[in-house]
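Hi everyone, thanks for making time for this one. Could you pull the model up on your screens so we can walk through it together?

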Amino acid sequence: MAFLPSITKELRPGPVKDWSPALAAILLLVLCLVQAAAAATTPAPSSARSTLARVIFSPDISEQATLLRGLIGSTDPGVEAVLTAWRGGSLFVHDNPDGSQTAFLLDPTTDGDGHAQGLSILDDQPIPGPDAKPLLFSPSELTPADTTAKLRKAIKNTLDFMALGNPDPRFRKDAVVKLGQERNLEYLPLFEARAREEKDPEVSRRLAEALALTRTASPDPAVRVPALRTLGELRSVTSLSFLQSFEKKLRDGPTPPNDESLLAVHKTVLDIETYQQRGNLIGTAFRGFSLAAVLLVAALGLAITFGLMGIINMAHGELMMVGAYTTYVVQNLVRSAFGPSGLPLETYFLVALASSFVVTAAVGLILEQGIIRFLYRRPLESMLATWGVSLLLQQVFRHVFGAANVQVGSPSWLSGSLVIQDVLFAYNRIFVIFFAALIVLGTWSLLTRTSVGLQIRAVMQNRAMASTLGVRTDRVNMLTFAYGSGLAGMAGACLSQIGNVGPGLGQNYIIDCFMIVVLGGIGNIFGTVTASLGVGVTDQILQPWLGAVMGKITVLATIILFLQWRPAGLFVTRSRSLEG
Amino acid sequence: MPHPFPSQIPVESYSTHPMKPTLFQKASLLIAALTAAVSLQAETVKVGVLHSLSGTMAISETSLKDVLLYSFDEVNKAGGVLVSGKHYLIEPVVVDPASNWPLFAEKAEELLVKDKVAVVFGCWTSVSRKSVLPVFERNNGLLFYPVQYEGEELSKNIFYTAEAVNQQAIPAVDYMLGEGKKKFYLLGSDYVYPRTTNKILKQYLKSKGIPDSDIIEIYTPFGHTDYQTIVAEIKTFTAGGSATVISTLNGDTNVPFFKEFANAGLTSENCPVVSFSISEDEFRGLPAKALVGHLGCWTYFMSIKTPENKAFVDSFMGWLKAPKVTGVDYNVSGVDPKGRVTCSPMNLSRIGVHLWKQAVEKAGTFDVDKVRDALVGQKFKGPTGVVTMQANHHLVNNVFIGETLATGQFKIIKTLNGVAGEPFSEKFLTTK
């Protein structure tokens, strides 16, 4: 506590406009409470809990904010848990028979039906029912306690201060960033104290950033200039917009052009902008790859059924839809069997992926056996027939599941993103990229490394010759089509993690799929991979400049021009199968 | 592409209209009149409903058809429309323009010329309204339009119960400015409503001192699923924490957008999104979790706590279970009572019906020119308070800003009373 007296000396108004006396009060309160805690080692947890209850039930936002501030020094870990739950919408309110209300959290352990006991926030004890036995609550029937953005912001601020001492470095990091943005000089001693203890390198970096950013608020150039330089060295993207406006303010003001602050801030802004441009480049590349992977996953099945087998399969999109709906059904089955959370729901997606392959392959099998095998020599009629099938499937699904979109949840490992050097890598996108690589590798191995693949290629190249050599061409056709359909089904399952699942899902992708296969060169899987990469990356490069609409138009126009020049696509495969 | 629901009520089935009865019908009417009590005899008036019941817009517009039939039932139960001492019961003529813009014009023509309806309630998208506008002007028909729109239009044959830009977009932006937001990311679907609204908003923001560099305007096509670049851009844009997204994204493109938004670690706390096209009804098809805390701005929310609103919601929910239009031979079909909500376009549809009824009673005739004159100044006490029809064919209405809850409802955080709808932006942009 040696730094305590020095803070009060530094309490003079600086050039910062958003000087916040409320936050100063918070800080003083923290320090007082820390001191109090040190002096009298027994902070009464029950009083913190009852304050908590008052915050929750108070109708007045300013009173809530005041009470929240009082909670900051609490050493009771339960307070933080309750606040976090409240902010995240998992704090519930029970109406007692006597008219009073009890706020509670759900016990994480559930019974067979997914019901759980409600633990009162006052004493962590279950809420008793009329028969004195603990009441059971069903999570799906509960309504969370209300919050508004303002209140959540106040809760977050309280939690940020609490989180500076959190054992998890991620929480400490978020808290430091948030508090640093306030540029409040009174936080400096707090940051310094934390920086001395901090072991985690990432949090230390953020602390240094927060310290530097806060010091830029100092009126003393001897403090400000080094702080500005530090921000540049730290490549602080979060402070860029502040620095830009700061530089503009200095330039517009009466500052001489060789002012030290101005020079420092100019260099810092340049440094960070260069760093950000590099990040944008990596980000664009990643987004390009990810779009390419989505296109590839969607088009690979078509590359088999249309590319290899020569069937103009207009129902390809609807096969994807079947896969997506299979995911939805599997999700619902898992949910009803194992409850709305937990390990089964985290892993259901892998089961759904496999199921969608199996189900869609079965649909493809029926389609091939029922319709397509009669039309192998009449490609135009097969186009009409499969188009009919696509409409039929759409109507059937609309009838069974309703015209509105259905909700497919994402497991937590497919939500959120990885951040490396301020570049975002969304987990679901990473998954699609890996998945695309996996199925391309799998399909390639199947076609070139197995005897089934040999037979497939033989039949596709010359059906009559293969047949005379003893290959059962009918069976090979059937299985190839089923495999291609199964791939479409898995694509649908993947897309359920990115976009909408509705009866019109297939319609959104079918054009792109044909475009990719035709561009890549019919009958060439490597061509399909190259084409999706080309289209995906080009689209993402163009988008920031031209916008989503013009970007797409430009890509389509380029493809048309390209096909004028090379009508057979990127890679031409010579095959007799297409000649009938 | 065929449509999921065939046109539910073939218009031809309305040949049994008492105004032009066949000889046989005359005879049966006479017999009916002799056998039954005379008081059961009531005149009817044909009223058109022009909402898509199939195609892409069906999800939104079917709810409006439902609420219109409910309102007709409400009027009929109370004795119908009273014109010079005679009670006229509303007889609905429902047609399905199937989300097909040229078909809207054809169906409108059919309603006005063949069925000779006294008034039409309908249209959702601006393009459908633009498509029927010449038909109504040519035939001197009367249309009530209930969905928030971009303004810059005023037809003597259309009454806009909908929110004009200064009753939705401007109050929302004002609220954000009040919250200390300094950077605005205008994101919309690529068609007339978002483009016009954003054009107005840009001018408005500039007049409030927001520099061009702090306003980004972006459009995506319908059915767009790849929001990576846009969300990455928003993430950079909001790094300092003072940015907000003003979204006019339509329909299900909101799902991939909000999924991507949440995945990038953006929340309503560091970058709130105000959506103009998401009401309680649209919410039914969106992932609730991803939208919690983001904002909406309408002249009605289902969560509004007034006795009038409670009565409206309760009686509408009851009606959905046994839908009928009292007093006329009309079979209501295609109503799904499961998981239903009320929303602003639905409330405004109903208000339109009541305003029209009052105006007809005041004018003492169904004649369009006289009803139009009587409509101006007409007041109705709706679920959110009293609304007044102005001479510019727009309402004076209360405006609410609400925050989305996980239940799909809105928590009202700001109320503006008596905002007068103004279709032309130059009027509210110049008046400071």
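Let's start at Phe104(A), whose bridge partner in strand 3 of chain A is Ser120(A). This is a predicted model, so please keep that in mind throughout. Strand 2 of chain A and strand 3, residues 116-120, run antiparallel and are joined by three bridges. Now look at strand 1 of chain A: there Phe92(A) stands opposite Phe104(A). Strand 1, residues 92-95, and strand 2, residues 101-106, are also antiparallel, with four bridges between them. They make a hairpin with five residues between the strands, and Gly99(A) in the turn has a positive phi of about 95°.

Zoom out a little, and these strands belong to an open sheet of four, in the order 1-2-3-4 of chain A, with antiparallel pairing. Which strands sit at the edges? They are strand 1 and strand 4, the latter covering 136-137, and each of them pairs on one side only.

Now for chain A as a whole. Chain A contains 21 helices and six strands. It has 580 residues, of which 41% count as buried. Taking contacts with a separation of 6 or more, 70% are between residues 24 or more positions apart. The domain assignment gives domain 1 as 43-163 and domain 2 as 278-579, and the C-alpha centres of these two domains of chain A lie 47 Å apart.

A word on confidence. The average pLDDT of chain A is 82, and 89% of its residues score at least 70. Residues 1-20 of chain A have a pLDDT below 50, and beyond near neighbours in sequence that stretch has 19 contacts in the model. Residues 32-45 of chain A are also below 50, with 10 contacts of that kind. Where pLDDT is low, the predicted coordinates should not be read in detail.

Next, the place where the two chains meet. How many residues does each chain bring to the contact? Chain A gives 44 residues and chain B gives 40. On the chain A side, the elements that each supply at least two residues are helix 6 (149-163), helix 11 (240-252), helix 12 (260-308), helix 15 (379-401), strand 6 (423-426) and helix 21 (525-565). Helix 21 of chain A has the largest share, with seven residues. By class, the side of chain A that touches chain B has 15 nonpolar, 22 polar and seven charged residues.

Over to chain B, then. Its two domains are both assembled from separate segments: domain 1 is 11-163 + 305-385, and domain 2 is 166-302 + 396-430. Their C-alpha centres lie 31 Å apart. Where they touch, domain 1 of chain B contributes 25 residues and domain 2 of chain B contributes 23. Helix 2 (58-77), helix 4 (126-138) and helix 12 (344-363) of chain B each give two or more residues to the domain 1 side. That side divides into 10 nonpolar, 11 polar and four charged residues.

Chain B has an open sheet of six strands in the order 2-3-1-4-5-6, with mixed pairing. Why is one side of strand 2 (81-83) and of strand 6 (158-160) left without a neighbour in the sheet? Both stand at the edges with a single partner strand each, so there is no neighbour on the other side. On average, neighbouring strands of this sheet are turned by 30° against each other, direction ignored. One of the pairs is strand 4 (residues 119-122) with strand 5 (residues 143-145) of chain B, parallel over two bridges. Within that pair, Val120(B) has Leu143(B) as its bridge partner in strand 5.

Helices pack here too. Helix 3 of chain B, residues 101-114, touches strand 1 (43-50), strand 3 (86-95) and strand 4, and its direction makes about 175° with that of strand 1. Helix 12 of chain B lies across strand 2, strand 4, strand 5 and strand 6, running at about 20° to strand 2.

One last stop: strand 14 (residues 395-404) and strand 15 (residues 410-420) of chain B. Eight bridges join them, and they run antiparallel. Asn397(B) stands opposite Val419(B) in strand 15. This hairpin has five residues between its strands, and Gly408(B) takes a positive phi near 90°. That's my tour, and I'm happy to go back to any view you like.

How values were computed:
Residues numbered from 1 in each chain as written. Chains lettered and ligands numbered in written order. Predicted model: local features only at pLDDT ≥ 70, side-chain atom pairs only at ≥ 80, totals over all residues. Contact = placed C-beta atoms within 7 Å. Nonpolar A, V, L, I, M, F, W, Y, C, P; charged D, E, K, R; others polar. pLDDT = per-residue confidence, 0-100. Buried ≥ 20, exposed ≤ 12 C-beta atoms within 10 Å, placed from the backbone. Domains from an automatic or database assignment. Pairing = 2+ DSSP bridges. Axes fitted to C-alpha atoms, helices over the stretch in contact; angles between N-to-C directions.
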